[in-house]
Amino acid sequence: MYNITVFIFSSLKHLVETLLTISPTFQTLHYYLVKHPRVHNFEWHQGQTFGSSITFLTLTILLYLTLTFLLSRRHTSTVPVPPSLLRLLTAAHNTFLLSLSATMALGCTLTILTTLPDVHNLICFPVGTVPKGPLFFWAHVFYLSKIYEYVDTLLIILSSSASRRLSFLHVYHHATVVVMCYISLHTAQSMYPGILVTNSVVHVVMYLYYLMCSLGKRPTWKKLVTDCQIVQFYSSFGIMALIFYYHFTGDGCSGIWGWCFDSVFIASLLFLFLDFHTKTYMKSKNEVNGNGNGVVDDGGSGKAAKQA
Ligand SMILES: CC(C)(COP(=O)(O)OP(=O)(O)OC[C@H]1O[C@@H](n2cnc3c(N)ncnc32)[C@H](O)[C@@H]1OP(=O)(O)O)[C@@H](O)C(=O)NCCC(=O)NCCSC(=O)CC(=O)O
């Protein structure tokens, strides 16, 4: 397995290096995503970099939880925003997050392939690594994007399906993922860029799904989105196991405290997503195979229509 990973990494690295010598478009992309002074010279300094203080982190999460709690308890069934405007705002929000996720995935992948000598350096940063340079620039953007994703919760609260979709999973994920990003960034956690790329790719698929929903075209591949998310959590465990191995058999890896937090968080998400999967998709299947009540499988959207 390790040999395959090394082979894929070196092949991709070779491909990127070749493209950089022959394609001016690729060179421009590389400049803006890796070499630009703001990206290249990025440094994370606790208390100085935007969003880097513990106070900022604590207040952000407390504000999110308080507003979510207060707004979700509104005693009114009417939504304060006209549905057409809400659909427009949701579509704009999803387009933005789709583009941002794609940019983060591309920027971080290019950085990994052009700045790290081999795959071992990606899995295990040396102890004492300082969070600076393009890898941590993208880690910082990723952290701030998780705060911006709080808008998802607002859109759910404003929607007519809030009672179904404002779940413990959603609020727990949105509140805790920001802590994970903060700790991983602050402790220069090994393999964090790998997790960033995986999650951003999955979010491209997820926000495309949400975008199509907000445009009134509910995709039939909802289950695929959940499956991608679950595969992502399993693969994160594989990565975590590798870091654990290198940490205790070599000179140690950077950010082992971040590793501990991530392990517990990813395990809890895996548990919640497996539960979501069972409840959403098994229920749809049972309804179709059930005792002839005529409910059509809707891919878990909760909008199954009764057959005439
Ligand atoms: C397919 C999923 C992505 C979403 O499943 P759900 O059952 O929650 O959602 P759904 O099928 O009802 O979604 C369609 C509804 O979402 C609305 N919608 C559109 N854009 C949205 C947005 N940006 N945020 C929240 N809701 C949005 C649509 O208008 C539509 O509303 P209407 O129905 O009214 O027309 C699933 O895999 C999942 O993640 N479920 C967990 C719930 C969750 O919040 N996930 C996202 C954060 S967790 C995460 O992000 C993990 C990770 O890192 O991968």
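Asp275 is partly exposed in this predicted model, because its relative accessibility of 31% falls between the 20% and 50% limits. Its partner, Lys279, counts as exposed because its relative accessibility is 54%, over the 50% limit. The two side chains meet in a salt bridge, with 2.9 Å from N to O. If you follow the backbone, you will find both residues in helix 13, which covers residues 256-289. Asp275 and Lys279 sit 4 residues apart there, about one turn of the helix. Side chains of opposite charge can pair when their charged atoms come close.

Now let us move to the other end of the numbering. Helix 1 (residues 2-22) holds Lys13 and Glu17, again 4 residues apart and so about one turn of the helix. Their side chains form a salt bridge too, at 3.7 Å from N to O. Lys13 counts as buried because its relative accessibility is 14%, under the 20% limit. Glu17, at 39%, counts as partly exposed.

A further pair is worth a look. Glu149 and Lys146 join their side chains in a salt bridge of 3.3 Å, N to O. How buried or exposed is each of these two residues? Glu149 has a relative accessibility of 2% and therefore counts as buried, and Lys146 is buried as well, with a relative accessible area of 1%. In the whole structure, the search finds 4 salt bridges, among them the pairs described here.

From here, turn to the ligand. Which residues come nearest to it? Of the 28 residues around the ligand, these are His170, Tyr209, Lys222, Thr226 and Gln229. Lys222 also offers a polar contact: an N or O atom of its side chain lies 2.7 Å from an oxygen atom of the ligand. Another ligand oxygen contact involves the side chain of Gln232, at 3.2 Å. On the nitrogen side, a ligand nitrogen is 3.0 Å from an N or O atom in the side chain of Asp152. The ligand on its own has 1,100 Å² of accessible area, and the protein covers 94% of that.

Finally, consider what builds the shell around the ligand. Helix 5 (83-115), helix 8 (150-158), helix 9 (162-165), helix 10 (168-186), helix 11 (192-214), helix 12 (222-249) and helix 13 each contribute at least two residues. Helix 11 gives the most, with 7 residues. Sorted by class, the shell has 12 polar, 10 nonpolar and 6 charged residues. Helix 13, where we began with Asp275 and Lys279, thus returns as one of the helices that supply the shell.

How values were computed
Residues are numbered from 1 along each chain as its sequence is written. This is a predicted model: local features need pLDDT of at least 70, side-chain atom pairs count only at pLDDT 80 or more; totals for chains, interfaces and linings use all residues. Side-chain values use heavy atoms; hydrogens and water are left out. Buried means under 20% relative accessible area, exposed over 50%, partly exposed in between (1.4 Å probe, protein chains only). A residue is near a molecule or strand if one of its heavy atoms lies within 4 Å of it. A polar contact is a pair of N or O atoms within 3.5 Å; within protein, one must be able to donate a hydrogen and the other to accept it, and residues adjacent in sequence count only if both atoms are side-chain atoms. Accessible areas come from the Shrake-Rupley method with a 1.4 Å probe; for residues, only the protein chains shown count as cover. Ala, Val, Leu, Ile, Met, Phe, Trp, Tyr, Cys and Pro count as nonpolar, Asp, Glu, Lys and Arg as charged, and the others, Gly among them, as polar.
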